[in-house]
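Me: I've got a model open and want to talk it through. Can you take my questions as they come?

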Amino acid sequence: MNAAECTCERPICTGPGGLAAMHLHQRQIRAERTADGRRFRSRRSDFQISRTVFYLVGHLEGDAPVRLNLGEMAALYDRSEALMLAELDWFAEHRFVHLDGRADGIVRLWVNPAVAVCGADPRIAAARHSFPYFTVEDASSEDRVCVHEYSEDLWEAIYAGNFEAFTRETFLSPDCRVCCSPRLTVV
């Protein structure tokens, strides 16, 4: 099935923020483990932050905040709620999300449109929390992730450069990731 035949209804457009989160997280782990001069070795227990990115993307509903049940999320990944909350705090610290509140095991957060947009104008979502835009440089660069601070003009250019992805009638849904996968192009 191709994008023209797809009948998905939930628009989700992934962006460079998800890739940036993965690179930043890996760099942080590497720095922590090699600080005393040891050689870096990955561990089986290392959690792939990409899982959380995909989980957040799958729970987007237009321009609304995501409401995550920490217990369900922790059970899904066989991790403690404390570890999942620490990871969400890491996402918030690096401005991939904005944590809006926690109560009774439910976390409410807003996702930076550089990570993903679900049928919403990214300019509005970015302005709401002054979200930065992320780009990931080529592999030869030492510091691969570039953070571009919030600018109305920057997000306007991102919207203009990706207009088709935000206005299409048929988009990606969590059940149909193969047939239709729009992504933000780097501006």
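Me: Which way do the side chains point along β2?
Reply: They alternate. V66 and L68 point to one face and are buried, where buried means under 20% relative accessible area, exposed over 50%, and partly exposed in between (1.4 Å probe, protein chains only). R67 and N69 point to the other face and are not buried. In a regular strand the side chains alternate between the two faces of the sheet.

Me: Before I go on, what kind of model is this, and how are things counted?
Reply: This is a predicted model: local features need pLDDT of at least 70, side-chain atom pairs count only at pLDDT 80 or more, and totals for chains, interfaces and linings use all residues. Residues are numbered from 1 along each chain as its sequence is written, and side-chain values use heavy atoms, with hydrogens and water left out.

Me: And what counts as a helix or a strand?
Reply: Both are DSSP runs, numbered from the N terminus: helices are H or I with at least four residues, strands are E with at least two.

Me: Back to β2. Which sheet is it in?
Reply: An open sheet of three strands, in the order β2-β4-β3, with antiparallel pairing. β2 (66–69) and β3 are the edge strands, each pairing on one side only. Two strands pair if DSSP finds at least two bridges between them. Neighbouring strands here are turned by 25° against each other on average, direction ignored. Axes are lines fitted to C-alpha atoms, for helices over the stretch in contact, and angles run from 0 to 180 degrees between N-to-C directions.

Me: How many bridges for each pair?
Reply: β2 and β4 pair over four bridges. β3 (residues 97–103) and β4 (residues 106–111) pair over six. V66 has L109 as its bridge partner in β4. V97 has V111 as its partner in that strand.

Me: What joins β3 to β4?
Reply: They form a hairpin with two residues between them. D104 in the turn has a positive phi of about 50°.

Me: L109 came up. Is it buried or exposed?
Reply: L109 is buried, with a relative accessible area of 0%. The residue lies in strand β4.

Me: What does L109 touch?
Reply: Not counting residues up to four places away in sequence, L109 touches L56, P65, V66, L68, L88, V97, H98, L99 and D100. Contact means heavy atoms within 4.5 Å. The C-alpha atoms of L109 and L99 are separated by 4.4 Å, though the two are 10 residues apart along the chain.

Me: What lies across that sheet?
Reply: Helix α2 lies across β2, β3 and β4, running at about 125° to β2. Eight of the 10 residues of α2 (residues 49–58) are buried, so the helix is largely enclosed by the rest of the structure. The buried ones are I49, S50, T52, V53, Y55, L56, V57 and G58.

Me: New topic. How do α3 and α4 pack?
Reply: At an angle of about 105°, with their axes 9 Å apart. That makes α3 roughly perpendicular to α4; angles of 65 to 115 degrees count as roughly perpendicular, under 35 as roughly parallel, over 145 as roughly antiparallel and the rest as oblique.

Me: Which residues meet there?
Reply: L70, G71, M73, A74 and Y77 in α3 meet E81, M84, L85 and L88 in α4. By class, that contact has seven nonpolar, one polar and one charged residues. Ala, Val, Leu, Ile, Met, Phe, Trp, Tyr, Cys and Pro count as nonpolar, Asp, Glu, Lys and Arg as charged, and the others, Gly among them, as polar.

Me: What about D78, in the loop between those helices?
Reply: D78 has a positive phi of about 55° although it is not a glycine. D78 is exposed, with a relative accessible area of 73%.

Me: And S130?
Reply: S130 also has a positive phi, near 50°, and is not glycine. S130 sits in the loop between α5 (122–129) and β6 (133–136). S130 is partly exposed, with a relative accessible area of 39%.

Me: Last one. What does the whole chain look like?
Reply: The protein chain has seven helices and seven strands. Buried residues make up 42% of its 187 residues.
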